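Subject: Structure handover

Hello,

Here is the structure I said I would pass on. My notes on it follow below.

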Amino acid sequence: MRRYIGYRDFVERDQRSLVGTALLLTGSHEQAIRLTLWSFHTVGLTWPPTPWENPTTHAQVTLYRRFLRKPSAAGNTALVRLPPRQRVLVVACLHDGRSRAEMADLLGLPVETVEKELDEAVDTLTKGDVARLTKRLATQAGEASVPDLTTRALRALRRRRSRGALLAMAAVLVPIGMIAAFVLLPPGMAWTSSLRGHSTPTTGESVAATPTPRTMRAAPTPGPTPEPWKPPRTPLAIRYAIPAKCPGGAVPAGGAGDVTCAGWTLELSDADRSELASATCGRPGRCESTLRVGDAAQQLAGGGEKGLRVEPAVSPDGHRVAYLSAAERRYVAHDLRTGVKRYLSPVLAPSDVAAGTRVSVSADGRRFTVELGGRRLRTDFATGRSASLPDGRRAATVQAAGWLRQNYRVWCDSPNGRHSAAVRAAGDGGERAGAGDLHIIDAGSRQVVRRLPLPAAKRPAESEVVGWLGTREVVVRLKEKDGGRTAFYRVDAVTGRTRPVEGLPDGEPIVFGALTAP
């Protein structure tokens, strides 16, 4: 079991703390041990961990999720009488040291909801005394009776390895058996025709006439076919991405879903050193560079004369980028610091992109979600594991898209999928005169929860939302109508505070990354 080197040490090191956490959640030693073994088994399935992954954190998160799927409670303590989600929040935040923002992202809840439920739980247990509750949790977890789980955890992995060996043997023997059957059995038997679809071509009918599935492809272009991008490793962060000019100008439209234009430019900065030969460091602590992603799709055939626009996704810290690769015909993601590459989708068919497609990234930059023809795939970049999301978990902003389209010309959805931002022009719908107001919309209730005034322009200007910075700030572009200057502002969606943003290009779609970089 060379692959599991270090797994025994991990189990021996963390079994006491994980059983203590599970005991706080369940109130039963037996249930706590079962929950802990499940957590160890889940971590073992992806062992060894990647260099940037913490197996202890992975085990704790697995334990929380397993408990929420199958909650249990034994005993009559005040903690186990709490609702399961409040119990997880109390144990995770006050015993395991998880932050409230981290738990909000993990559970898919607003931070305000997490704070409210956690405060209610603390009030119920110790009348608001956080220090006393933290000490009580540590005492109860320390009283856990923990047997040695190493043998049981390793036995589960050995069983998995045995099943894998049997499946591998079957994969070898089944083709051999089929080949032997074709060689040894006389030709012309009835079952051979069934393998050809229960019919044979009639005279004059070509076998090649049978239709075959078509995959998405890059449309013929005047320039060379793009190659898969191989990014250089760099500590620089992506400030923003803008579409590059398509080689050869206009590209003839291909079949539905074909890539008709590819190429995005990444603007990088915010580091005190760089390994890129093209980087320039104008002053200490500030280097800048540009990278061109030649195979990142920006337009697909279909959706009218202009086609369907496709944009990349950049993590908030600016170190990861995901896009639809025109060369590989699937979504890919890269980490610029480590050089790791992940595939986010299978090779796409036209039906996957006929109605539009997009990729998004979570606030922590770890999970990428791809939307394809009514289905959604989520990939954990740290582990490389992908899963399909059920329709019931569609973001509120996706469900409210029709309503937003009726009420606003342009809007942008927040990364957490709970809010949208749009500009209501001055004088439209009774708004005040001036540059207009920024509307922050709760997508779930479809109500405007904030109306924030934008900076007044000296001359008539048009305002438009460009994108979100995290889940709190919105970037707005103000452009004077007579062709004058263009200004960008960051607007705090809670307080309404505005700050100018320098160095952004005008007239192009912009995808933001670490725009807050100094």
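pLDDT is the predictor's confidence in each residue, on a scale from 0 to 100, and a contact means heavy atoms within 4.5 Å. Both terms come up below, since this is a predicted model.

Confidence

The average pLDDT of the protein chain is 79, and 77% of the residues score at least 70. Two stretches stay under 50. One is residues 187-213, where pLDDT is under 50 throughout and the model has six contacts beyond four places in sequence. The other is residues 429-433, also under 50, with eleven contacts beyond four places in sequence. Please keep these two ranges in mind when you look at the model.

Aromatic rings

There are seven aromatic pairs in the structure. One of them joins Tyr7 and Phe10: the ring centres are 6.1 Å apart and the planes meet at 50 degrees, so the pair counts as tilted. Both residues belong to helix α1 (residues 7-26), and because they are three residues apart there, about one helical turn separates them. Tyr7 is buried, at 0% relative accessibility, and Phe10 is buried too, with a relative accessible area of 1%. Ring pairs also connect Tyr7 and Phe10 with Phe40 and Trp47 in a cluster.

Charges over rings

Two arginines are placed over aromatic rings. The charged end of Arg330 sits over the ring of Tyr343, 3.9 Å from the ring's centre. Arg342 lies over the face of Phe381, and the distance to that ring centre is 5.8 Å.

Regards

Conventions
Residues are numbered from 1 along each chain as its sequence is written. This is a predicted model: local features need pLDDT of at least 70, side-chain atom pairs count only at pLDDT 80 or more; totals for chains, interfaces and linings use all residues. Side-chain values use heavy atoms; hydrogens and water are left out. Rings of Phe, Tyr and Trp (its six-membered ring) pair if their centres lie within 6.5 Å; planes under 30 degrees apart count as stacked, over 60 as edge-to-face and the rest as tilted. Helices (H or I, at least four residues) and strands (E, at least two) are DSSP runs, numbered from the N terminus. Buried means under 20% relative accessible area, exposed over 50%, partly exposed in between (1.4 Å probe, protein chains only). A charge sits over a ring if NZ of Lys or CZ of Arg is within 6 Å of the ring centre and within 35 degrees of the ring normal.
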